[in-house]
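Visitor: I have a chain on the bench and its model on the screen, and I would like to be walked through it with some care. Could we begin at the start of the sequence and widen the view from there?

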Amino acid sequence: YNWNMWLSYFRPVYFGKDKIKCNLNLYTNGSRNVSLLNGDENISNNQYARVFMGLTYDTPKWVDLHTDVSLSRQQSGYSLQPTLNNTSHFFNISPNITFTPESNTEINIDYDYRQTTGQSAGFNTSINMLNADIVHYFSQKKNVWLKVKAHDLLKQNVSIWRSSGENYIQDTRANVLSRFVLLSLNFRLNKFNTKIYHLDFEQPA
């Protein structure tokens, strides 16, 4: 069998005229499977739980601040293969801040820290991701803009995930795009037909 549950809570917090938006989420799931191993029943139990909290502070016109924090726990157990029993933890914090020094200029900085423990040798990681971009708009309509984006400035990006089944646990590492700088010129073309057509119907005499 399989099961899952999701709980969510949101509430704004006021500090004088300033407001902080706070949301709290809890997600958990699990499964229980029975398979045959050398003719005997092997019962596998998997449980996963994640607590997530987000904070947003966007009262001043010149700054937006948002932070996400999450803590996850994954546990796997096998009745006939106790050597595969394992518990791993995942921690993540991701602050993001956007400055608007002028009406046509935006500076965005986002940081992402990820830590994993309890995985196979060589797969426990502590990663610092730092990205930044600068956007300059050439008109008040903000339909033409120049953007400079710097990705993975600390050159630590790596993708690792865990999957489990009835009689196995597998940790996987994948190659991902590392540090780069991208310059782009962007256009937004919108055209709407504002004509209004009136249809007059005459009743027969």
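Visitor: Does strand 1 lie largely in the open or largely covered, and how many of its residues are buried?

Guide: This is a predicted model, and in it strand 1 covers residues 2–15, which makes 14 residues to consider. A residue counts as buried when its relative accessible area is under 20%. Strand 1 lies largely in the open because the number of its residues that are buried is zero.

Visitor: Where does L7 lie, and how is its accessibility classed?

Guide: L7 lies in strand 1. Its relative accessibility is 47%, and the class between under 20% and over 50% is partly exposed. L7 therefore counts as partly exposed.

Visitor: Which nonpolar patch includes L7, and which element gives the most residues to that patch?

Guide: Y1, W3, M5, L7, Y9, L24, L26, V51, M53 and L55 form a nonpolar patch on the surface, and together they have about 920 Å² of accessible area. The elements that give two or more residues to it are strand 1, strand 2 and strand 3, the last of these being residues 40–57. With four residues, the element that gives the most is strand 1.

Visitor: In which sense do strand 1 and strand 2 pair, and over how many bridges?

Guide: Strand 2 covers residues 18–37, and its pairing with strand 1 is antiparallel. Within strand 2, K21 is the residue that stands opposite P12. The pairing of strand 1 and strand 2 runs over 14 bridges.

Visitor: Which residue takes a positive phi in the hairpin of strand 1 and strand 2?

Guide: This hairpin has two residues between the strands. A positive phi near 70° is found in the hairpin at G16.

Visitor: How many helices and how many strands are there in the protein chain?

Guide: Read along the sequence, the protein chain follows the pattern β-β-β-β-β-β-β-β-β-β-β. The count for the protein chain is zero helices and 11 strands.

Visitor: What is the radius of gyration of the protein chain, set beside that of a compact globule?

Guide: Along its principal axes, the C-alpha trace spans about 85 × 65 × 40 Å, and buried residues make up 25% of the 205 residues. A compact globule of 205 residues would have a radius of gyration near 17 Å, but the protein chain has 26 Å.

Visitor: What share of the accessible surface belongs to carbon and sulfur atoms?

Guide: The accessible surface of the protein chain comes to about 14,500 Å². The share that belongs to carbon and sulfur atoms is 57%.

Terms used:
Residues are numbered from 1 along each chain as its sequence is written. This is a predicted model: local features need pLDDT of at least 70, side-chain atom pairs count only at pLDDT 80 or more; totals for chains, interfaces and linings use all residues. Side-chain values use heavy atoms; hydrogens and water are left out. Buried means under 20% relative accessible area, exposed over 50%, partly exposed in between (1.4 Å probe, protein chains only). Two strands pair if DSSP finds at least two bridges between them. Patches are made of residues with over 30% relative accessible area and no salt bridge: like charges are joined within 9 Å, nonpolar side chains (Val, Leu, Ile, Met, Phe, Trp, Tyr) within 5 Å. Accessible areas come from the Shrake-Rupley method with a 1.4 Å probe; for residues, only the protein chains shown count as cover. A salt bridge is a side-chain nitrogen of Lys or Arg within 4 Å of a carboxyl oxygen of Asp or Glu. The radius of gyration is taken over C-alpha atoms; the globule rule is 2.2 Å times the number of residues to the power 0.38.
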